[in-house]
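Subject: Structure handover

Hello,

Here is the structure I promised to pass on. Please open it alongside this message; my notes follow below.

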Amino acid sequence: MNILNVISSPRGGASFSIKLANGIIEKLQAAYPGSTVITRDLATHPFPQLEEAKLQSFFTPPANRTPEQQEAARHSDDAIAELQAADVIVIGAPLYNFGIPSTLKAWIDHIARAGITFKYVDNAPQGLVTGKKVYVAMSSGGIYSEGPAAGFDFVAPYLQAVLGFLGMTDVTVVRVEGVSIPGIQDTALEKALNSVVISQSAELAV
């Protein structure tokens, strides 16, 4: 099994999304010995924001690209190749200001490519990145899975929507939440990790 580990938190070893993602990967490796892990750390190696040259390169056939356009498309081409080669994608997604980190949004902007990762058939979108299992390791200081703050969670709904648009409809969100709340924070990670069950069919039950 090929596992792609996407890191978006800049907090390194203190990051709960990274700790949770590592725990999920450890369980995957235990269920599937010999699995390989490719890590894409967006915090230390962020993707550039989209601008005109990159957009022009995306819509230019590779054979017709200028050297400048080839370089402009390189990040996107590399990210899509990593995505397509993976059987499982683990995305670390801390909740920042009710949404995902800008580094993760930039990565998504580079993998969402018309004609490559999605297309339209009879005016309906069709995702082209299929046969993948995605785990979102989401972290938050408060409780957003339920209660009064649930409506402010734009991490899980957004990722499920955009990944599903690209064809990755098998998405499981695992939450380590309340990490800033006394009485909850000390056991939040343990609770999240204990909720993860990996079956031999690579399914997650939460």
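Start with Phe165: its relative accessibility is 29%, so the residue counts as partly exposed. Keep in mind that this is a predicted model.

Phe165 has an aromatic partner. Phe118 and Phe165 make a tilted aromatic pair, with 4.9 Å from centre to centre and 55 degrees between the planes. The two rings come from distant parts of the chain, 47 residues apart. Phe118 belongs to strand β4 (residues 118-121), and Phe165 to helix α5 (residues 156-165). Phe118 has a relative accessible area of 12%, under the 20% limit, so this residue is buried. Tyr120 joins in as well: Phe118, Tyr120 and Phe165 form one aromatic cluster. In total, the structure holds four aromatic pairs.

Another ring to look at is Phe16. Lys19 lies over its face, at 4.9 Å from the ring centre.

Next, the pockets.

The largest pocket has a volume of about 260 Å³. Its lining counts 13 residues, and those closest to the centre are Arg175, Glu177, Ala188, Lys191 and Ala192. Two elements, β7 (171-177) and α6 (185-194), each supply at least two residues of this lining. By class, the lining of the largest pocket has seven nonpolar, three polar and three charged residues.

The second largest pocket holds about 160 Å³ of space. It is lined by 13 residues; nearest its centre lie Arg11, Pro94, Tyr96, Ser139 and Val179. Here α1 (16-31) and β6 (133-140) each supply at least two lining residues. The class split for the second largest pocket is five nonpolar, seven polar and one charged.

One last residue: Arg65. Where does Arg65 sit? Its place is in the loop between α2 (52-58) and α3 (67-85). Is Arg65 buried or exposed? Its relative accessibility is 10%, below the 20% cut-off, so Arg65 counts as buried. What does its side chain reach? The Arg65 side chain reaches the backbone oxygen of Ser57, at 3.1 Å.

If you have little time, view Phe118 with Phe165 as the tilted pair, then Arg65 with the backbone oxygen of Ser57. After that, go to the largest pocket, around Arg175, Glu177, Ala188, Lys191 and Ala192.

Best wishes

Terms used
Residues are numbered from 1 along each chain as its sequence is written. This is a predicted model: local features need pLDDT of at least 70, side-chain atom pairs count only at pLDDT 80 or more; totals for chains, interfaces and linings use all residues. Side-chain values use heavy atoms; hydrogens and water are left out. On a 1 Å grid over the protein atoms alone, a cavity is a set of points where a 1.4 Å probe fits but cannot get out, and a pocket is an open set with protein on both sides within 12 Å along at least five of seven lines; lining residues have an atom within 4 Å of a point. Grid points are joined across faces, edges and corners, and a volume is the space filled by probe spheres set on the points. Helices (H or I, at least four residues) and strands (E, at least two) are DSSP runs, numbered from the N terminus. Ala, Val, Leu, Ile, Met, Phe, Trp, Tyr, Cys and Pro count as nonpolar, Asp, Glu, Lys and Arg as charged, and the others, Gly among them, as polar. Rings of Phe, Tyr and Trp (its six-membered ring) pair if their centres lie within 6.5 Å; planes under 30 degrees apart count as stacked, over 60 as edge-to-face and the rest as tilted. Buried means under 20% relative accessible area, exposed over 50%, partly exposed in between (1.4 Å probe, protein chains only). A charge sits over a ring if NZ of Lys or CZ of Arg is within 6 Å of the ring centre and within 35 degrees of the ring normal. A polar contact is a pair of N or O atoms within 3.5 Å; within protein, one must be able to donate a hydrogen and the other to accept it, and residues adjacent in sequence count only if both atoms are side-chain atoms.
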